[in-house]
Amino acid sequence: MGKLDTSPGDSRVRSREEMEEQHQARLSLPSAQDHSFSRGTAFSPAGRSADRFIPFRSSDQSKLDDLGSPGQATSSRNGSTPGSSAFNALLACQLGIKTPPQDPQCPVTIKTPSSLPRTEKGRVLQFAAIPEPAASPYNSSILSESCAAEARSINSIIPRNVSPFAYKVLDAPRLMDDFYSNPIDWSRQGLLAVALGADLYVYNTVTSKPFKVATYEVMVRSVAWSQSGAHLSVGLHSGKVDLWDINKMSKVRSFAGHSKHVTALSWNSHLLSSAGSEGIILNRDMRVPEDSVAAMKGHRSTISGLKWSHDDRQLASGGNDNLVCIWRAGMSKPQQRITAHTACVKALAWSPHHPGLLATGGGTQDQTIALWNTVKASMIHSIHTGSQVSGLAWSHTVNELLSIHGYATSALHIWKAPSLVNAATLTGHNSRVLFLAMSPDGQTAATGAGDETVRFWRVFPKDTAKSATAKLVRSEGRCSIR
């Protein structure tokens, strides 16, 4: 008792040499034959106890590296894993590279952040949510089809970059503040006709020089250029219509027929249509000596808007009786009557992109823009603008519509068609905007308002190859809206 038993059969007694050998074994590195362990697993030689800690990931955490199906974690002969296969497939898809079919035993599945494992303390090795990128103006051809489609949908709802301010302002003293008149028009030769009270002026937009054509004894209520731009028709408060040869600066003809003032004019090739405050439309043929060749009656009050279609087949008229009448060439009675508006209709515009598509706008008590299919006599779409609609004009290059407004916003709006989504708003006039004319190239709008100014705005993009179809439909039609 009290002695230490050192007999050979006692396994608890070890020699000093044995203890040193055991210590050396613990410090020795694994041999080359033991290098068969895979990434993410701890190396522990059989029968030996490691003297250092090598962490290994749990099966749940190891799934973070696997974009494939859980449980398909075996390596292929070339060293690729389901995770790398998924990454290569995704990269090839985005770069537009065709890849061979995936191994059915290794399906590619992209996991969303919500499906990734979480620890009790939160997210594991995951980036924060990436905000939606801004729409890119560059070509998205390197994207996959689904990505490109999404980019196109985003770009389609982003408003165009339009300057909200006029780039030129002209003083126009005595420019009438009258909703039922149309005293400005823009010719195909770049000449802007402006009636200032009893004075008739022409402003050359190329040289920026105005010159006076005539001074009348009565107010000039409406003006309209012929389709060639060589002749200017002038509607007077007395009910007469004068025709001027602007190149010779001489009056060619004078037409009678209206008992009251002439409020609107519109050309159809050699035919001039004039509308008066008595509600009658007179057609005047420049080839015959008579004052008029036809009288069309369909309104009960002042006609404030008059517009021939681009193919010269239909005439639209809007009046203070809240009616819009659609006339066929050569007919004395309207083919259609639109009664949807609840106020005077002055704003009329035929689409150059779709024959038979007409845009109309109502006055203060209506404040609505509507698109009509005159072939099927049906409304396509309408929108309440919140202000008096006094003028409309279509773009010849894109499917957009410009509107000018009086009470109470005095603004200009650009609308996407046919959805009538507002793409841009332009302001600058200090009084209600009443008059509108478009430049020959269709890019610039000239507006007149009760503040006695004429302002020029760049509203539509330049003509491109895509507008060739619109040009064919437009043919030789006028490119200005009063």
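**H405 and the strands around it**

The side chains of H405 and S403 are joined by a polar contact of 2.8 Å; such a contact is a pair of N or O atoms within 3.5 Å, where within protein one atom must be able to donate a hydrogen and the other to accept it, and residues adjacent in sequence count only if both atoms are side-chain atoms. This is a predicted model, in which local features need pLDDT of at least 70 and side-chain atom pairs count only at pLDDT 80 or more, while totals for chains, interfaces and linings use all residues. Residues are numbered from 1 along each chain as its sequence is written, and side-chain values use heavy atoms, with hydrogens and water left out.

H405 belongs to strand β25, residues 400–405. Strands are DSSP runs of E with at least two residues, numbered from the N terminus. With a relative accessible area of 0%, H405 is buried, a term that means under 20% (1.4 Å probe, protein chains only). Leaving aside residues up to four places away in sequence, H405 touches several others, including T385, V389, S410, H413 and R432; contact means heavy atoms within 4.5 Å.

The next strand is β26, residues 412–416, where four of the five residues are buried. β25 and β26 run antiparallel and are joined by five bridges; two strands pair if DSSP finds at least two bridges between them. In this pairing L402 stands opposite I414. Six residues lie between the strands of the hairpin, and S410 takes a positive phi near 55°.

β26 also pairs with strand β27, residues 421–426, in the antiparallel sense over five bridges. Here H413 faces T425. This hairpin has four residues between its strands, and L420 in the turn has a positive phi of about 60°.

Note on methods. Buried means under 20% relative accessible area, exposed over 50%, partly exposed in between (1.4 Å probe, protein chains only).
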